[in-house]
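Me: Hi! Could you walk me through this one, starting with any empty spaces inside?

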Amino acid sequence: MSQRTFPDGFLWGAATAAHQIEGSPMADGAGPSIWTRFAHTPGMTLNGDTGDVACDHYRRWKDDVKLMRELGLQAYRFSVSWSRIHPEGTGRVNQAGVDFYSRLVDELLENGIEPLLTLYHWDLPAALEDRGGWLNRDSADWFAEYGSTMYRALDGRVKKWVTLNEPWVITDGGYLHGALAPGHRSKYETPIASHNLMRAHGAAVKAYRDIGKHEIGLVVNIEPKYPASDSAEDTAATKRAHAYMNEQYLDPALLGRYPPELKEIFGDAWPDWAAADLELIRQQLDFIGINYYTRSVTQANDSYPLKAGAVRQPLGTYTETGWEVYPKGLTDLLVWVKERYGDIPMYITENGAAFFDPPVAEGGRVRDPLRMDYLQKHIGAVHDAIQAGCDIRGYMLWSLLDNLEWSLGYSKRFGMVHVNYGTQERTPKDSARWYSKVIASHGASL
Ligand SMILES: OC[C@H]1NNC[C@@H](O)[C@@H]1O
Ligand SMILES: [Ca+2]
């Protein structure tokens with residue numbers, strides 16, 4: 001491969017999320033989140049796995065930052081657990097919770113690592129779920145209040161803010177299919193939760209413009225949809241699937257409108273939203289974060305309510321989470337974003353894969369060639385998109401550490417660093433060593 005040169009200032013990092021790595025969910029005055037409750041509800045997670053300990057990052061954060069520095073990371077994307085900050089979701093501030101993130105940010109900066117802070121990565125305070133959660137239109141105000149608390153505490157040390165992580169997963173998983181907290185299964189609740197999440201995004205960005213002086217954006221998981229055949233049914237199904245996952249969040253956030261397919265998909269469950277709502281949602285953003293994992297070859301089927309689904313590719317390579325390895329999909333997707341929404345700066349805020357890793361070998365080595373191959377090809381795909389004119393500012397590998405993969409518990413390992421959950425020992429995998437070289441050579445060694 002000819003030497004790939006990445007733009008000056010391209011930021012190389014890794015990503016995690018509070019509930020997946022921290023543990024100690026109730027320490028130092030924190031309140032419970034919907035994930036504390038959901039995971040402690042029998043049958044909701046594999047093996048009944050919970051975030052009670054996870055990677056014990058709440059206590060090991062200093063060593064983990066040291067590990068990031070040893071790996072040469074330039075940036076670190078993490079999330080704040082809302083219920084550490086506002087144990088009841090609104091009102092009273094738990095200063096010990098703010099202090100935890102303040103110390104973490106200072107440690108990152110002292111180690112030359114730029115923090116990227118996600119306000120919401122799925123762990124809503126349980127007290128707010130009891131007030132209707134994302135189904136309550138007041139959630140926009142609750143979220144803006146929480147964001148403002150964090151802006152006042154950290155803006156300036158944190159210069160890249162994210163409102164929401166993956167609103168599609170939050171609603172499709174938490175309100176339609178029920179696989180994720182709060183575990184609802186309702187075609188009628190799904191659009192309401194989704195719309196309120198986006199109103200909350202807008203309200204938090206507006207609040208930032210009054211308080212913050214740096215950058216704020218939205219992180220979406222999007223996935224290119226390719227028709228399984230050129231039949232009218234598969235073409236229409238692909239259009240629906242594309243609107244439902246990819247346009248449903250970027251269109252309101254950047255264009256101030258919803259794609260028409262949503263009314264077709266949800267029928268009488270799709271309200272006629274007020275124009276004022278769309279004005280709130282559409283706020284000037286400084287960047288968009290793209291989380292990419294796979295593509296979907298899409299066919300018409302009788303799935304509810306989308307009537308579309310992915311077709312397994314007989315010659316495809318699949319990860320442990322059943323996702324096809326398809327790097328070109330990332331390039332296609334980034335070019336689509338640029339063409340549809342214009343030249344908005346982008347970060348790859350998550351990209352990575354779970355493969356079955358061997359145990360830590362003698363001498364502390366974890367061979368993960370499949371992950372290295374996945375990463376090498378996807379970082380190459382990012383470069384291809386840059387060559388095609390996309391303004392991509394950085395790449396955050398998912399994930400720094402093996403961690404709690406939500407309802408799948410600890411069964412899926414996405415980390416470039418292996419975690420022994422018994423001893424909490426961290427062991428960089430081959431992919432981490434490889435990634436360090438990519439960072440040190442600014443991509444040239446890819
Ligand atoms: O499934 C892998 C990741 N996907 N995006 C959101 C993260 O929380 C997940 O662990
Ligand atoms: Ca509920």
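Reply: Sure! On a 1 Å grid over the protein atoms alone, a cavity is a set of points where a 1.4 Å probe fits but cannot get out, and its lining residues have an atom within 4 Å of a point. Volume is the space filled by probe spheres set on points joined across faces, edges and corners. This model is predicted, so local features need pLDDT of at least 70 and side-chain atom pairs 80 or more, while totals for chains, interfaces and linings use all residues. Residues count from 1 along each chain, chains are lettered from A and ligands numbered from 1 as written, and side-chain values use heavy atoms without hydrogens or water.

Me: How many cavities of 30 Å³ or more are there?

Reply: Three. The largest holds about 90 Å³ of space. Its lining has 13 residues, with H19, E22, P25, S81 and R84 nearest the centre. Helices α1 (18-21) and α4 (82-85) each give two or more (helices are DSSP H or I runs of at least four residues, numbered from the N terminus).

Me: And what lines the second largest?

Reply: I34, W35, Y120, W122, V169, I170, G174, L180 and A181. Helix α8 gives the largest share, three residues. That cavity's volume is about 50 Å³.

Me: New topic: which residues hold the calcium ion?

Reply: E129 (OE) and H184 (NE2) are the protein donors of ligand 2, 2.3 Å away. They sit 55 residues apart, E129 in α6 (126-129) and H184 in the loop between α8 (167-176) and α9 (189-211). Donors are N, O or S atoms within 3.2 Å of Ca.

Me: Is E129 buried or exposed?

Reply: E129 is buried, at 16% relative accessible area, because buried means under 20% (1.4 Å probe, protein chains only). H184, at 22%, is partly exposed, the class between that and exposed, over 50%.

Note on methods:
Donors are N, O and S atoms within 2.8 Å of the metal (3.2 Å for Na, K and Ca); water is not among the atoms, so sites may look incomplete. On a 1 Å grid over the protein atoms alone, a cavity is a set of points where a 1.4 Å probe fits but cannot get out, and a pocket is an open set with protein on both sides within 12 Å along at least five of seven lines; lining residues have an atom within 4 Å of a point.
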